[in-house]
Amino acid sequence: MKLLIGSDIHGSYYYSSLFFKKVDAYQPDKIILLGDCYYNGARNDPPMEYAPKKVVQLLNEYSDRILAVKGNCESEVDQMVSDFTFFENLCVFAFNKVITCTHGYHLNFENLPKKPGDIFLQGHTHIGRLEKKDGLILANPGSVSLPKDGHHSYMTMDDKKIQLIDLLTGEILKELYF
């Protein structure tokens with residue numbers, strides 16, 4: 001099984017198109033989206049090629065493989081136009097590991113649930129992170145379109161490792177083996 005993980009697209013058709021080209025190349029079994037798919041919010045300038053309706057259409061083309069959590073910029077209307085469900089939080093069992101998925105504005109690395117599983121995935125900060133702390137893998141794919149760490153990024157995961165990858169260059173920024 002292979003997973004591809006992204007977060008914080010914020011309505012950029014330009015960057016979401018690049019992200020889904022990686023989906024086509026990597027051919028993951030599931031695509032995990034950690035929220036803030038369509039809108040940029042009042043704090044952010046609109047990202048390159050801001051076109052939420054086009055992003056909705058693009059994501060719906062992959063709806064059979066998408067597992068998504070609701071971000072702080074998602075609304076009820078977003079669920080109505082999406083052919084996949086936005087969950088508040090999500091637990092996935094893969095690679096003999098429990099993977100907890102959340103956006104990060106309620107549960108996060110500093111406010112973990114009582115049973116975070118083996119891998120805790122969050123978005124929200126727009127900063128890529130991948131580390132092992134007290135036996136728990138903490139992973140944040142950063143932001144596809146509005147990075148705060150200089151890298152438009154995403155993650156891949158298979159039965160051996162997790163990689164944090166720069167969307168534009170393909171550079172592996174961090175890698176963690178199980």
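Colleague: Let's start with Asn44. Where does Asn44 lie, in terms of strands and helices?

Modeller: This is a predicted model, so read everything here as computed from it. Asn44 sits in a loop, the one linking strand E2 (30-33) to helix H2 (52-61).

Colleague: What does the side chain of Asn44 reach?

Modeller: For a polar side chain, look at which N or O atoms lie within 3.5 Å. Here the Asn44 side chain gets to the backbone oxygen of Asn40, at 2.7 Å. Skip the neighbours within four places in sequence, and Asn44 is also in contact with His10 and Leu146.

Colleague: On to Tyr13. Is Tyr13 buried or exposed, or something in between?

Modeller: The idea is to compare relative accessible area with two cut-offs: under 20% is buried and over 50% is exposed. Tyr13 has 24%, so it counts as partly exposed. Tyr13 belongs to helix H1 (residues 13-26).

Colleague: And which residues is Tyr13 in contact with, leaving aside its neighbours within four places in sequence?

Modeller: Met48, Glu49, Ala51, Lys54, Val55 and Leu58. For a sense of distance, try Phe120: Tyr13 and Phe120 are 107 residues apart in sequence, and their C-alpha atoms are 28 Å apart in space.

Colleague: Now the sheet. In what order do the strands come?

Modeller: Strands of a sheet pair through backbone hydrogen bonds, and that pairing can be parallel or antiparallel. In this model, 7 strands make an open sheet with mixed pairing, and the order is E4-E3-E2-E1-E10-E11-E12. At the edges are strand E4 (86-87) and strand E12 (172-177), each of which pairs on one side only.

Colleague: How many bridges join E2 to strand E3?

Modeller: There are 3 bridges between E2 and strand E3 (residues 66-69), and the two run parallel. If you want a spot to click on, Leu33 stands opposite Ala68 in E3. Helix H1 packs on the sheet too, where it touches strand E1 (3-6), E2 and strand E10 (153-157). The direction of H1 makes about 170° with that of E1.

Colleague: Zooming out, how many helices and strands are there in the protein chain?

Modeller: The chain has 3 helices and 12 strands. Its radius of gyration is 15 Å, close to the 16 Å from the globule rule for 178 residues, so the chain is as compact as a globular protein of that length.

Colleague: What share of the residues counts as buried?

Modeller: Of the 178 residues, 53% do. As for the accessible surface, it comes to about 8400 Å², with 50% belonging to carbon and sulfur atoms.

Technical notes:
Residues are numbered from 1 along each chain as its sequence is written. This is a predicted model: local features need pLDDT of at least 70, side-chain atom pairs count only at pLDDT 80 or more; totals for chains, interfaces and linings use all residues. Side-chain values use heavy atoms; hydrogens and water are left out. Helices (H or I, at least four residues) and strands (E, at least two) are DSSP runs, numbered from the N terminus. A polar contact is a pair of N or O atoms within 3.5 Å; within protein, one must be able to donate a hydrogen and the other to accept it, and residues adjacent in sequence count only if both atoms are side-chain atoms. Contact means heavy atoms within 4.5 Å. Buried means under 20% relative accessible area, exposed over 50%, partly exposed in between (1.4 Å probe, protein chains only). Two strands pair if DSSP finds at least two bridges between them. Axes are lines fitted to C-alpha atoms, for helices over the stretch in contact, and angles run from 0 to 180 degrees between N-to-C directions. The radius of gyration is taken over C-alpha atoms; the globule rule is 2.2 Å times the number of residues to the power 0.38. Accessible areas come from the Shrake-Rupley method with a 1.4 Å probe; for residues, only the protein chains shown count as cover.
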